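Let's take a walk through this one together. Keep the viewer open and follow along.

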Amino acid sequence: MSMNKNTVLAWATWIMIFVGLGLIAMGAFKYQEVAGWGFAAVGVGFFSIAWVFNALKGRV
């Protein structure tokens with residue numbers, strides 16, 4: 001299986017989405033204090049980076 005730049009960006013996008021979901025879930029269910037807000041904020045940041053990776057597919 002040959003991986004070109006678009007395939008690498010697609011894999012990176014999916015990995016970032018799964019990590020972002022995990023961080024948001026940890027913030028929502030595991031940490032009920034202020035740390036949960038931090039985990040959720042970082043999870044949203046992972047979503048925004050995944051969005052940028054998805055937008056770069058086909059342009060790099």
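Here is a tour of a helix, its two faces and a ring pair.

A bit of housekeeping: this is a predicted model, where local features need pLDDT of at least 70, side-chain atom pairs count only at pLDDT 80 or more, and totals for chains, interfaces and linings use all residues. Residues are numbered from 1 along each chain as its sequence is written, and side-chain values use heavy atoms, leaving out hydrogens and water.

Start with helix H1, residues 5-30 (helices are DSSP runs of H or I, at least four residues, numbered from the N terminus). Its 26 residues should span 38 Å at 1.5 Å a residue, and the end C-alpha atoms sit 36 Å apart, which agrees; the expected span is 1.5 Å times one less than the number of residues.

Which residues of H1 are buried? They are Leu 9, Thr 13, Met 16, Gly 20, Leu 23 and Gly 27, where buried means under 20% relative accessible area, exposed over 50%, and partly exposed in between (1.4 Å probe, protein chains only). These buried residues pack against helix H2 (34-56).

Ile 15 also belongs to H1, but Ile 15 is partly exposed, at 48% relative accessible area. Ile 15 joins Met 3, Val 8, Trp 11 and Val 19 in a nonpolar surface patch of about 470 Å². Patch members have over 30% relative accessible area and no salt bridge, with nonpolar side chains (Val, Leu, Ile, Met, Phe, Trp, Tyr) joined within 5 Å and like charges within 9 Å. A salt bridge puts a side-chain nitrogen of Lys or Arg within 4 Å of a carboxyl oxygen of Asp or Glu.

Now the rings: the structure holds 2 aromatic pairs. One of them, Tyr 31 with Phe 39, is stacked, at 4.9 Å centre to centre and 5 degrees between the planes. Rings of Phe, Tyr and Trp (its six-membered ring) pair if their centres lie within 6.5 Å; planes under 30 degrees apart count as stacked, over 60 as edge-to-face and the rest as tilted. Tyr 31 is partly exposed at 25%, and Phe 39 is partly exposed at 25%.

Conventions: Accessible areas come from the Shrake-Rupley method with a 1.4 Å probe; for residues, only the protein chains shown count as cover. Helices (H or I, at least four residues) and strands (E, at least two) are DSSP runs, numbered from the N terminus. Contact means heavy atoms within 4.5 Å.
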